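This briefing is meant to be read beside the sequence and the coordinates. It takes up chain contacts, then a sheet, then local backbone geometry.

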Number of protein chains: 6
Amino acid sequence: MNATNFNQPLDSAVTPRFCEPATFNRLPLQKDFKGLDIGLVGVPFDLGATYRKGAALGPGKVREMSRLIRKINHATRINPYELCNVADVGDVPINPIDINASLNAIEAFYRDLHAAGVAPVSVGGDHTIPYPIFKAIVDPKNPIGLVHFDAHADTLDELCGTRVNHATTFRRGVEDGLVDPKRVVQIGLRGTRYGDDDISYSTDSGMRVIDMEEYEKLGRDKVIAEVHRVIGTGPTYVTFDIDGLDPVFAIGTGVPEPGGLSMRDSQVIIRSLVGKNLIGGDVCEVAPDLDVTDHTPLNAANLLFEILCVVSHSIAHRKGRLQA
Amino acid sequence: MNATNFNQPLDSAVTPRFCEPATFNRLPLQKDFKGLDIGLVGVPFDLGATYRKGAALGPGKVREMSRLIRKINHATRINPYELCNVADVGDVPINPIDINASLNAIEAFYRDLHAAGVAPVSVGGDHTIPYPIFKAIVDPKNPIGLVHFDAHADTLDELCGTRVNHATTFRRGVEDGLVDPKRVVQIGLRGTRYGDDDISYSTDSGMRVIDMEEYEKLGRDKVIAEVHRVIGTGPTYVTFDIDGLDPVFAIGTGVPEPGGLSMRDSQVIIRSLVGKNLIGGDVCEVAPDLDVTDHTPLNAANLLFEILCVVSHSIAHRKGRLQA
Amino acid sequence: MNATNFNQPLDSAVTPRFCEPATFNRLPLQKDFKGLDIGLVGVPFDLGATYRKGAALGPGKVREMSRLIRKINHATRINPYELCNVADVGDVPINPIDINASLNAIEAFYRDLHAAGVAPVSVGGDHTIPYPIFKAIVDPKNPIGLVHFDAHADTLDELCGTRVNHATTFRRGVEDGLVDPKRVVQIGLRGTRYGDDDISYSTDSGMRVIDMEEYEKLGRDKVIAEVHRVIGTGPTYVTFDIDGLDPVFAIGTGVPEPGGLSMRDSQVIIRSLVGKNLIGGDVCEVAPDLDVTDHTPLNAANLLFEILCVVSHSIAHRKGRLQA
Amino acid sequence: MNATNFNQPLDSAVTPRFCEPATFNRLPLQKDFKGLDIGLVGVPFDLGATYRKGAALGPGKVREMSRLIRKINHATRINPYELCNVADVGDVPINPIDINASLNAIEAFYRDLHAAGVAPVSVGGDHTIPYPIFKAIVDPKNPIGLVHFDAHADTLDELCGTRVNHATTFRRGVEDGLVDPKRVVQIGLRGTRYGDDDISYSTDSGMRVIDMEEYEKLGRDKVIAEVHRVIGTGPTYVTFDIDGLDPVFAIGTGVPEPGGLSMRDSQVIIRSLVGKNLIGGDVCEVAPDLDVTDHTPLNAANLLFEILCVVSHSIAHRKGRLQA
Amino acid sequence: MNATNFNQPLDSAVTPRFCEPATFNRLPLQKDFKGLDIGLVGVPFDLGATYRKGAALGPGKVREMSRLIRKINHATRINPYELCNVADVGDVPINPIDINASLNAIEAFYRDLHAAGVAPVSVGGDHTIPYPIFKAIVDPKNPIGLVHFDAHADTLDELCGTRVNHATTFRRGVEDGLVDPKRVVQIGLRGTRYGDDDISYSTDSGMRVIDMEEYEKLGRDKVIAEVHRVIGTGPTYVTFDIDGLDPVFAIGTGVPEPGGLSMRDSQVIIRSLVGKNLIGGDVCEVAPDLDVTDHTPLNAANLLFEILCVVSHSIAHRKGRLQA
Amino acid sequence: MNATNFNQPLDSAVTPRFCEPATFNRLPLQKDFKGLDIGLVGVPFDLGATYRKGAALGPGKVREMSRLIRKINHATRINPYELCNVADVGDVPINPIDINASLNAIEAFYRDLHAAGVAPVSVGGDHTIPYPIFKAIVDPKNPIGLVHFDAHADTLDELCGTRVNHATTFRRGVEDGLVDPKRVVQIGLRGTRYGDDDISYSTDSGMRVIDMEEYEKLGRDKVIAEVHRVIGTGPTYVTFDIDGLDPVFAIGTGVPEPGGLSMRDSQVIIRSLVGKNLIGGDVCEVAPDLDVTDHTPLNAANLLFEILCVVSHSIAHRKGRLQA
């Protein structure tokens, strides 16, 4: 298979945007992973959220808003559908009541995807989901780095007496040896805190925390340089909790925190990752029923595309498709 | 093929309602019409509307709300997926700017569907669309009857200098010999009028008009008897302009008129059509952006299912599947 | 002047509904009262409301939703623009802070209107406004009857230490000799109460109170007969607090009470007033910001038209225009 | 303590409705159960819901909308605050992630309440919550009857592999001997079904199922008679799944089903329970973020008050406070 | 006529903002163009939009939100009503179904306006409308320059097989010799693209394209300098597609693209045009039903005022009213 | 009493955010002022607003959104509940109709609070409320300085013929000798103006006005320096009209003006006040019904917390609690 056979989004000049069932980026829904480089996965899971659930509706709505996404990245000129074979591979069959069954289902789905050699770019679901994803696709012998956009560190030890939820994800990942904290950069942290040590695990374990105070002090260019320095050349995953954005961009999320990142800055930082060694990514915590204007899932759809662009470029590079 | 091979909706106990891209009633999207008895079609067309457009977004949103629809009709016990092979056959590729190109595309799509022996149950789109559908699927030698739910008669001669739009549909159908006015019943008419003769073509041509005044006077049971009397045993099509409902059930439509039908009454009337000779149907004029509560498309999804039930029963009868 | 010169609404086939600044029923805005029979008046006043204000925005939004209203009453066939010369005469220049200045401004505006021989059909504003209107247009020698739709009796003596507010209107009217309680019928009362005597002034003074319990017991036809009996042939005013409707029809109001009237019933009751001696009317308590679906002002615009129809018929009768 | 010392709602003439933190019916928040007859309890639990969660936000929003509720029932003239000492006793401290911990917390809270001799009237939360409530307050030697308003029977054996969720509640209650199926009446059932046997447990176990078809056929008066017949004089609990209402009254719920009960009918049926032997009740499945118009929690607040009225009357009767 | 006779907005201290039918900036509605310098025109046209229509409702809603606009520009101190005689001249009578009839109606309306010596400042309507406006008011011997705010270049050759739509406007203008591409500056371009050559006509024809990447690199001051350089002293028109703004400022538009201009930057750039040779302007693509918060039309109303200020200043200069 | 006895917010790990009636910051509701250092006060007053009322609903909704606020300031590390004893002291019992009675009630409430030695941090209510607050808590011998965030100067002499309303507050304060204009800084002014002299009283009286033009020119750091210079070491009050924010952060307010402050900048400026001599503060003009996304009250809740942090620090310093 070569690029001429890759899946293509529906052409809006032939099939207008309002036509046909919504899939991610108007790609074919392909439940058979064969031949794919990248699978766009929905993970409609919100059993790990502690306040307002609703992120289980995220994948459906992001698909809907991705009707607005075209093929080519305005800034980087990347066309992911020339570089990789991409499909909407559907949703993980979540159990809406049993959190453990759901976590197992997520892990199993990504194991299959990984076994088929397909890199995942996902839409959550709450921010618990990177943990089972990491368990499925990361070899502890080769832990990954993270570019982690978020208002919160998600490195608590437990919350409400549970150890796997949307506030503990990355601590669990480090403890399991799946995430190399030295290659993790957390961007956008802010918001009131439960305790002074809310983010101490992040810093103690060696993660590079760039909270909004430092973000502003450094400026975007230096932040990008720092991101590149931290993740280096090792395998890296991009995880975007939509609440990393200021609530003006993402009111439709469980725990919005004023004073956050802009879409523009987020787009530019993600675009800067062209050339990095990327293995996948996700956009999480989109709770569409909390935003009747559909602005939050619109931004999520755009971020999904940005992540897809840089991941597809990385994969094309690894597969030797970028020569000349 | 027999019922054991018919398409089935996704099982919500295995694949929860929030999972997977939204198709009509969670059925497979099947662009190849072969083997189907009924095709659920989206017609995202709103170029025939004269005030507030937005019905082009109807099919996408009704698909989304049909996540709530299960398999079996509570009242009639009909399971359409045991009676017929049904699929979401996707949307007509509308031209969003060129009304004539769009009308031609609709007609062509339904010609293909009809040629494949597939009966259509559709989601509009504005209420212009029955006209090109009739042109595609009705033989003037055998004109059809209509059960027509609406606040408006849609039998003007022209509006805004145009002759094919959402206010002239059924007049055109009669003039082309596709609709037998003697076998048409219009239910729910009401609302202020432009002129005293707004609905005169309906009555002059012999349609049975049951406006809300008469509806209330007769009561639902006698209305049903009258519907049965009018349509008789000939081929009949069910067309439901969502504005036939009172606006409390359907505020998300271009021209809502207070004082209309209830969902309950509409459900019961449609259910009464079991045993009639039905060839298809549609639900039109759902403009989801005018109803942030999603109530209108929820009702549309339920009406779509009601129409599917009676049409599937009719087809199963014609195909001899109902014995014993 | 005769009917051929009467103001006419913009013709939607020439000037589509979305065109031109919104006036009541798309009529000319005519600040000079000369030659008018009926003035449609906006009274953007909400200083008499005790919980959620916002009815000051009512006239603007009802104008907007009246884009949907055509010329002829579906049921009665009345075309008010053939019977009377009607205009949108604009809004009373309310003082948004000073309640007494506002009440005086209302009274003064209606005095001028009345002096010009123009009957008012108004859009509030909270339900305080009938009181200053009555003071302006009613001669205590000839007190009026009322057809009063409401969830509440509005006959308290005082509320929050004030005596002129939206809960005391009709008691003040009776005390001032402007309203004849024997010719008042209150329809739709219900809702929890502050005290057992909430509505005692109504009954004690001789008003005919038809609460929802009795409404249901009598049925609409007998209610209509009772309305006719109570108001008789004397001068009568129709006042419609939008919260008389069930909240499914009017969630955009300050004090919604479940279990109320339907639009259908309200329409039919108002239509029954053809032939009565009507001097004006109003629709009050529409607070559009409390209903993002615009359903409440849609219903208000329809009720305004219904009241206009019967008032115009009464005036035409009095002016001898109905012969032949 | 006598009635002169009972808790009273804030007086709106002194403390307007928009003043002070929202509690149920503007009652004192009283965490000490001593001296109370009835506790209004919030149960912010939605871990038993299978599609759209969000009912955990129900209690907070119903409190907010109960600012509109006054003291006296319009139809029955019951003033619950003269009959019983009532308080908002706060919310069960739900665990937002661990379903079993939450169910245990609910049971424990109601055990304490029950031990203090306080009858519960609750706001959910999804419709799983009656099960742990029954476990806490019902003696299997004296199983209770139910007046159960709902679109769904909630008597499945399991859903998604789990046995305690919002679709199995009343089967569990019967199996545990807490609910006497012969004294259960289910009102309002309708909606598409997963299987023909969705409600077979209800009928097989002897519950009296009045679906919407039968409801309409019988009419409200005969339904009321049937309710009275079924529950008899034994201890009875009123459980109201808000989706028993037609979605026009309750779009803010996880699984709305068109063609349901009206608020008016629901109010009248509940009011008919004056004189019955009532031990408590609840309103469940209010998911406020699904209804930006706040209509659903408004209705829930009104239903809560209706249930409070009849329960308070029953308790006052049992406590001998009704003589004279 | 001199400034003392110019139309003035209603005085909010006398006629509060919620009073009177909404016109642009609370100016008189004046259908007779005589004596006017500037006409504020509504163009309720959305037949050129390819995805979500709804901009036909723009003029009505912008009028409504312009209730918030006062008389004097905070930053420039321009009072347009001292400099020019301005009126709301109403809306072009669009045909809601026939695109060609509508385009002709637009052109005809502006020809009349132009013949009367009145400069237009307009509210769309989709972004097709500048083309018929240019045909009406521009002499090909003296083509105009443009300050064009937009997320998209609108210089495609065709879309969906049509050549006049909201994506081809400025190409058509250049081809007809009405627009001098060398004097066009396009600001704010961004968003995913259909093809690499989406904006090639802009650059090939000599337009100055400042996409968001360059905008950010240059900074606002240099962008302003570049705008001034490009448009020079020739006749220039300001066209503002509201989607040039970031979606946080304008979610109510058909094709929002994250990462765009701020209101602040847009205000400052427009204000910088004082002293330029301006002939008119427009704000387009406001689709109010897509933004229930009314934020988008609020911003449109403010941008309309900003454009009015600089155009009125330019006209006053040309008419010699600025001396002293 | 010492810090170990200070009131603490409910612990979200024990009592999740959705549990319990909403109070400011989940603090106890304590109507007895004894032992408190700071009272969080609701002032549900909107009788001083001139366009869209609705700010009376502000305190209730800000309480609701403050469920999201934790205990510790991310940037300053201040935990106000370690420094001061804080409670939600409830709402001023506003009269919803009588503006003077309400102003007197506000003044009386704060006199009591002040007499008890409790500093107020308040949530309005419209921006009239600082005036009666100042009358209650300021000794004219020791007038206060202000850090005043706003789009408008609020220093008109009168509006609509009234002298105490939300546009005259700070002029009245100066005239009464309660506010020292030399120690007032107004930040964020912008928006169209009624007249050239709208803000002349501000500048004439010696206030330091930093409008958005100057804000942008200076940059945030120099603005902060200027704020510190102006207020010096004297007693200072922080008053935040939510419309000081750009409407993207606060569309839910009566008079939004595009081009304003960001939450981030506002947070940083308030945080800079650590060490200043602060006596209280407020957040005003939150009209929640104008923002169905709840974004405005979310930001208000965050600003309330920011003000609480710096005020609590100042009080702790004055009370000698900061040593070591």
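Which contact, if any, joins chain D and chain E, and how far apart do their closest C-alpha atoms lie? In this predicted model, no contact joins chain D and chain E, and their closest C-alpha atoms are 11 Å apart. Chain B and chain F likewise have no contact between them, their closest C-alpha atoms lying 11 Å apart. Chain F does, however, touch chain E and chain A, and these two interfaces are described below.

**Chain F against chain E**

- The contact draws 30 residues from chain F and 28 residues from chain E, and the two chains bury about 2600 Å² between them, with 58% of that area on carbon and sulfur atoms.
- On the chain F side, the residues that lose the most area to chain E are Tyr51(F), Thr192(F) and Tyr194(F), which together make up 27% of what that side buries.
- Between chain F and chain E there are 6 salt bridges, and the side chains of Arg264(E) and Glu216(F) meet in a salt bridge at 2.9 Å, N to O.
- Polar contact is found for 13 residue pairs across this interface, with both residues at pLDDT 80 or more.
- Helix H7 of chain F, residues 212–218, gives the most to the side of chain F that touches chain E, contributing 3 residues, and that side as a whole divides into 12 nonpolar, 8 polar and 10 charged residues.

**Chain F against chain A**

- Here the contact takes 28 residues from chain F and 32 residues from chain A, while the buried area between the two chains is about 2600 Å², 58% of it on carbon and sulfur atoms.
- Arg70(F), His74(F) and Arg264(F) supply 31% of the area that chain F buries against chain A, which is more than any other three residues.
- The interface of chain F and chain A holds 6 salt bridges, and Arg264(F) meets Glu213(A) through their side chains in a salt bridge of 2.7 Å, N to O.
- Across this interface, 12 residue pairs are in polar contact, both residues being at pLDDT 80 or more.
- Helix H9 (263–271) and helix H10 (295–318) of chain F each supply at least two residues of the side that touches chain A, and the largest share, 5 residues, comes from H10(F).
- Sorted by class, the side of chain F that touches chain A has 13 nonpolar, 7 polar and 8 charged residues.

**The sheet of chain C**

- Chain C has an open sheet of 8 strands with parallel pairing, in the order S2-S1-S3-S8-S7-S4-S5-S6; its edge strands, S2 (86–91) and S6 (208–211), each pair on one side only, and the twist averages 15° from one strand to the next.
- Strand S5 of chain C, residues 179–189, pairs with S6(C) in the parallel sense over 4 bridges, and Ile187(C) has Ile210(C) in S6(C) as its bridge partner.
- Helix H8 of chain C (residues 220–231) lies across S4 (144–149), S5, S6 and S7 (236–241) of that chain, running at about 160° to S5(C).

**Backbone geometry**

- Most residues other than glycine have a negative phi, and most peptide bonds are trans.
- A cis peptide bond joins Gly124(B) and Gly125(B), with omega about 10°, and Gly125(B) is in the loop between strand S3 (119–124) and helix H4 (130–137) of chain B.
- In chain E, a cis peptide bond joins Gly124(E) and Gly125(E), with omega about 5°, and Gly125(E) is placed in the loop between strand S3 (119–124) and helix H4 (130–137) of chain E.
- Asp154(A), a residue other than glycine, has a positive phi near 55° and lies in the loop between strand S4 (144–149) and helix H5 (169–175) of chain A.

Key
Residues numbered from 1 in each chain as written. Chains lettered and ligands numbered in written order. Predicted model: local features only at pLDDT ≥ 70, side-chain atom pairs only at ≥ 80, totals over all residues. Heavy atoms only, no water. Contact = heavy atoms within 4.5 Å. Buried area = accessible area lost by both parts, 1.4 Å probe. Salt bridge = Lys/Arg side-chain N within 4 Å of Asp/Glu carboxyl O. Polar contact = N/O pair within 3.5 Å; in protein donor to acceptor, adjacent residues only side chain to side chain. Nonpolar A, V, L, I, M, F, W, Y, C, P; charged D, E, K, R; others polar. Pairing = 2+ DSSP bridges. Axes fitted to C-alpha atoms, helices over the stretch in contact; angles between N-to-C directions.
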